[in-house]
Amino acid sequence: MQVVASAHHKQHATVLQIPGCPIPCFEIPERAEAIWTALSVAQVGKVIEPQDFGVGPIQVVHAQEFLDYLQTAYPSSRPFYEGDQPAIADTYLGRGWRHKPSGFPGRIGYFAFDATCPILQGTWQAAYWSAQIAITAADLVRQGERAVYALCRPPGHHAAHDLYGGFCYLNNAAIAARWLQQGTRQRIAILDIDYHHGNGTQEIFYEDATVAYFSLHADPNFDYPFFWGGAHETGAGEGQGHNHNWPLPLGSTEEQFLAALEEAVNAIAAFSPAYLILSAGFDFMADDPVPLGGGFRVGQDGLITTARRIAKLGLPTVIVQEGGYHVEKLGGYVVSFLQNFDN
Ligand SMILES: [Zn+2]
């Protein structure tokens, strides 16, 4: 399987303990490096650099004012921070808001929904190239590849039309979906197996009948992102019935996870999409160091079954890297997943 990857991710030079961040920033460059090394050692496939498709395909998904903000956030924030200290909001837009701020520091709390997303000097560049990785992979699949893996960092599924959070700035999976459609109404399914609900992807396509979202994730009553991910969130307007959530209880077993996966895969087959995008977060594995809860009890056998079951759909597939924070094991998980997907 071909792999699209770029060293640009290192420009989002996060560290575990970021000043001003209330929780550790688990989304660090070592994650992508570990995956890249493991893929190279296992010779999973040719590793190619992303093409630069420009900002156009990103504008199809995200609001222009949001992109303008992200692109200029670091320089705009400098008067409020010392040296190269990352910009993180301390005040967020809440219920009942009435005024849209025009400058810093208000704007950072308008576009961000949590404190997990520091703005560093190279954050925009890394996010831009992460999106280009997803577009390049989607383009290869559109040209006839059975499946391509996009080693995206930073990840994307928590980023919505004009909102960022959960380590995500641009929604790579959504951008890839729109690239596959090329302005048509061709059906796309997005299956999200990351441990956390992909609230950004859900919101982007919530009223869309052509891109359906299917997600297995931690019940938002006990884990992030808390305000999205319920089973009753089924879409609206034209998109009614095209949003499918499987919130799973704390400590769900491998059997429970695979049973939900079976339902999701069958729902995808019934939707009969032209393409599948897989939001592949490996934090559903039992030993992921998530900050809350004990997660799911999914082991290596569950990982292999998951890969094979999704592959059995027989759809041209873009596999987009999302979360997964066990740096020592993450590379092995990705290799195992891709090898079993290819089998
Ligand atoms: Zn996650």
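**Figure 1. What lines the largest cavity in this predicted model?** Start with Ala5, Ser6 and His9, then add Ala32 and Trp36, and finish with Ile133, Leu151 and Arg153: together, these residues line the largest cavity. Sort that lining by class and you get five nonpolar residues, two polar ones and one charged one. The space inside comes to about 40 Å³. How many cavities of 30 Å³ or more turn up when the whole structure is searched? Just one.

**Figure 2. A look into the largest pocket.** Here we've moved from the cavity to a pocket, and the largest pocket holds about 490 Å³ of space. Its lining is made up of 30 residues. Which of them lie nearest the centre of the pocket? Look for Ile23, Asp114, Thr116, Tyr224 and Phe226. As for the mix of classes, the lining of this pocket has 18 nonpolar residues, along with six polar and six charged ones.

**Figure 3. Helix H1 packs against helix H10.** A quick tip before you look: a pair of packed helices is described by two things, the angle between their axes and the distance between those axes. H1 covers residues 29-42, and H10 covers residues 327-342. Their axes sit 8 Å apart, and the packing angle is about 45°. Why is H1 called oblique to H10? Because that angle falls in neither the roughly parallel range (under 35 degrees) nor the roughly perpendicular one (65 to 115), H1 counts as oblique to H10. The crossing of these two helices is right-handed.

**Figure 4. The residues where H1 and H10 meet.** On the H1 side, find Glu30, Arg31, Ala34, Ile35, Ala38, Leu39 and Ala42. Facing them from H10 are Val327, Leu330, Gly331, Gly332, Val334, Val335, Leu338 and Gln339. Split by class, this contact has 10 nonpolar, three polar and two charged residues.

**Figure 5. Helices H8 and H9, with their axes within 11 Å.** H8 spans residues 254-271, while H9 spans residues 300-311. Are they roughly parallel or roughly perpendicular? Their axes cross at roughly 5°, which means H8 is roughly parallel to H9, since angles under 35 degrees count that way. From H8, the contact uses Glu254, Phe257, Leu258, Leu261, Glu262, Val265 and Asn266. From H9, the partners are Asp301, Gly302, Thr305, Thr306, Arg309 and Ile310. The class tally for this contact is five nonpolar, four polar and four charged residues.

Methods
Residues numbered from 1 in each chain as written. Predicted model: local features only at pLDDT ≥ 70, side-chain atom pairs only at ≥ 80, totals over all residues. Heavy atoms only, no water. Axes fitted to C-alpha atoms, helices over the stretch in contact; angles between N-to-C directions. Helix = DSSP H or I, 4+ residues; strand = E, 2+ residues; numbered from the N terminus. Parallel < 35°, antiparallel > 145°, perpendicular 65-115°, else oblique. Left-handed = near helix turned anticlockwise from the far one by under 90°. Contact = heavy atoms within 4.5 Å. Nonpolar A, V, L, I, M, F, W, Y, C, P; charged D, E, K, R; others polar. 1 Å grid on protein atoms, 1.4 Å probe; cavity = no way out; pocket = protein on both sides within 12 Å on 5 of 7 lines; lining within 4 Å. Points joined across faces, edges and corners; volume = space filled by probe spheres on them.
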